[in-house]
Amino acid sequence: MKNALTIEEFAAEYSLNPATVRTNVTRKPDSLPKVLRIGRSVRFLRTEIEKWEKKLLDAA
(Lines give C-alpha, C1' and ligand atoms only; values in the text may rest on other atoms or scores of the structure.)
Protein backbone atom coordinates (compact mmCIF):
# COMPACT_ATOMS: atom_id res chain seq x y z
CA MET A 1 0.00 0.00 0.00
CA LYS A 2 1.27 3.46 -0.90
CA ASN A 3 1.79 6.04 1.84
CA ALA A 4 0.70 8.94 -0.37
CA LEU A 5 -2.06 9.10 -2.97
CA THR A 6 -2.40 11.41 -5.94
CA ILE A 7 -5.65 13.28 -6.51
CA GLU A 8 -6.69 10.68 -9.09
CA GLU A 9 -5.94 7.75 -6.76
CA PHE A 10 -7.75 9.40 -3.85
CA ALA A 11 -10.76 10.19 -6.04
CA ALA A 12 -10.93 6.62 -7.37
CA GLU A 13 -10.68 5.14 -3.87
CA TYR A 14 -13.60 7.26 -2.61
CA SER A 15 -15.66 7.30 -5.84
CA LEU A 16 -15.24 11.03 -6.33
CA ASN A 17 -14.69 13.06 -9.45
CA PRO A 18 -10.99 14.04 -9.68
CA ALA A 19 -11.94 17.54 -10.90
CA THR A 20 -14.08 18.07 -7.80
CA VAL A 21 -11.26 16.92 -5.52
CA ARG A 22 -8.80 19.19 -7.34
CA THR A 23 -11.16 22.16 -6.88
CA ASN A 24 -11.89 21.39 -3.23
CA VAL A 25 -8.17 21.24 -2.39
CA THR A 26 -8.06 25.02 -2.83
CA ARG A 27 -11.66 26.17 -2.37
CA LYS A 28 -12.91 23.89 0.43
CA PRO A 29 -9.84 22.38 2.09
CA ASP A 30 -11.81 21.47 5.25
CA SER A 31 -13.88 18.99 3.23
CA LEU A 32 -10.81 16.85 2.48
CA PRO A 33 -7.84 15.42 4.38
CA LYS A 34 -4.82 17.68 4.77
CA VAL A 35 -2.56 17.55 1.73
CA LEU A 36 1.17 17.48 1.13
CA ARG A 37 2.32 19.81 -1.63
CA ILE A 38 5.51 19.04 -3.49
CA GLY A 39 6.00 21.82 -6.00
CA ARG A 40 2.75 21.87 -7.97
CA SER A 41 1.79 18.30 -7.15
CA VAL A 42 -0.64 17.42 -4.36
CA ARG A 43 -0.54 14.20 -2.33
CA PHE A 44 -2.85 12.81 0.33
CA LEU A 45 -0.97 11.02 3.11
CA ARG A 46 -2.54 7.79 4.41
CA THR A 47 -2.22 9.00 8.00
CA GLU A 48 -4.15 12.18 7.18
CA ILE A 49 -6.79 10.18 5.29
CA GLU A 50 -7.31 7.97 8.35
CA LYS A 51 -7.68 11.05 10.61
CA TRP A 52 -10.17 12.55 8.13
CA GLU A 53 -12.22 9.32 8.06
CA LYS A 54 -12.28 9.21 11.88
CA LYS A 55 -13.41 12.86 12.01
CA LEU A 56 -16.24 12.10 9.56
CA LEU A 57 -17.35 9.06 11.55
CA ASP A 58 -17.28 10.99 14.84
CA ALA A 59 -19.41 13.75 13.33
CA ALA A 60 -22.07 11.29 12.09
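Reader: How many salt bridges does the count come to?

Author: The count comes to five salt bridges. The structure is a predicted model.

Reader: Which residue forms a salt bridge with Lys2?

Author: Glu9 forms that salt bridge, and the closest N and O atoms of the pair are 2.7 Å apart.

Reader: Are Glu9 and Lys2 buried or exposed?

Author: Glu9 is partly exposed, with a relative accessible area of 29%. Lys2 also counts as partly exposed, at 46% relative accessibility.

Reader: What about Arg22, with which side chain does it meet in a salt bridge?

Author: The side chain of Arg22 meets that of Glu8, at 2.5 Å from N to O. Arg22 lies in helix H2 (residues 18-27) and Glu8 in helix H1 (residues 7-13), so this pair ties together parts that are 14 residues apart in sequence.

Reader: And the accessibility of those two?

Author: Arg22 has a relative accessible area of 40% and is partly exposed. Glu8 is partly exposed too, with a relative accessible area of 42%.

Reader: Which residue forms a salt bridge with Glu13?

Author: Arg46 does, with the closest N and O atoms 3.1 Å apart. This pair links distant parts of the chain, as Arg46 is in helix H3 and Glu13 is in helix H1, 33 residues apart.

Reader: Why does Arg46 count as buried?

Author: Arg46 has a relative accessible area of 15%, and buried means under 20%, so Arg46 is buried. Its partner Glu13 counts as partly exposed, at 40% relative accessibility.

Reader: Changing topic to the rings. How many aromatic pairs are there?

Author: The count comes to four aromatic pairs. In one of them, the rings of Phe10 and Tyr14 have their centres 4.9 Å apart and their planes at 40°, so that pair is tilted.

Reader: Are Phe10 and Tyr14 buried or exposed?

Author: Phe10 counts as buried, at 0% relative accessibility. Tyr14 counts as partly exposed, at 23% relative accessibility.

Reader: What is the geometry of the aromatic pair that Tyr14 and Trp52 form?

Author: Tyr14 and Trp52 are edge-to-face, with 5.6 Å from centre to centre and 85° between the planes. This pair links distant parts of the chain: Tyr14 is in the loop between H1 and H2, whereas Trp52 is in helix H3, 38 residues apart. Trp52 is buried, with a relative accessible area of 10%.

Reader: Which residues do the ring pairs link into a cluster?

Author: The cluster consists of Phe10, Tyr14, Phe44 and Trp52, linked by ring pairs.

Reader: On to pockets. How much space lies in the largest pocket?

Author: About 220 Å³ of space lies in the largest pocket.

Reader: Which elements give two or more residues to its lining?

Author: Strand E2 (35-38) and helix H3 (46-59) are the elements that give two or more residues to the lining of the largest pocket. H3 gives the most, with four residues.

Reader: Which residues line the largest pocket?

Author: The lining is made up of Val25, Pro29, Asp30, Leu32, Pro33, Lys34, Val35, Arg37, Glu48, Lys51, Trp52 and Lys55. Trp52 thus appears in the lining of the largest pocket and in the ring cluster.

Reader: How does that lining divide by class?

Author: The lining of the largest pocket has six nonpolar residues, six charged residues and no polar residues.

Key:
Residues numbered from 1 in each chain as written. Predicted model: local features only at pLDDT ≥ 70, side-chain atom pairs only at ≥ 80, totals over all residues. Heavy atoms only, no water. 1 Å grid on protein atoms, 1.4 Å probe; cavity = no way out; pocket = protein on both sides within 12 Å on 5 of 7 lines; lining within 4 Å. Points joined across faces, edges and corners; volume = space filled by probe spheres on them. Nonpolar A, V, L, I, M, F, W, Y, C, P; charged D, E, K, R; others polar. Salt bridge = Lys/Arg side-chain N within 4 Å of Asp/Glu carboxyl O. Buried < 20%, exposed > 50% of the residue type's maximum accessible area, 1.4 Å probe, protein only. Phe/Tyr/Trp six-rings, centres within 6.5 Å; stacked < 30°, edge-to-face > 60°.
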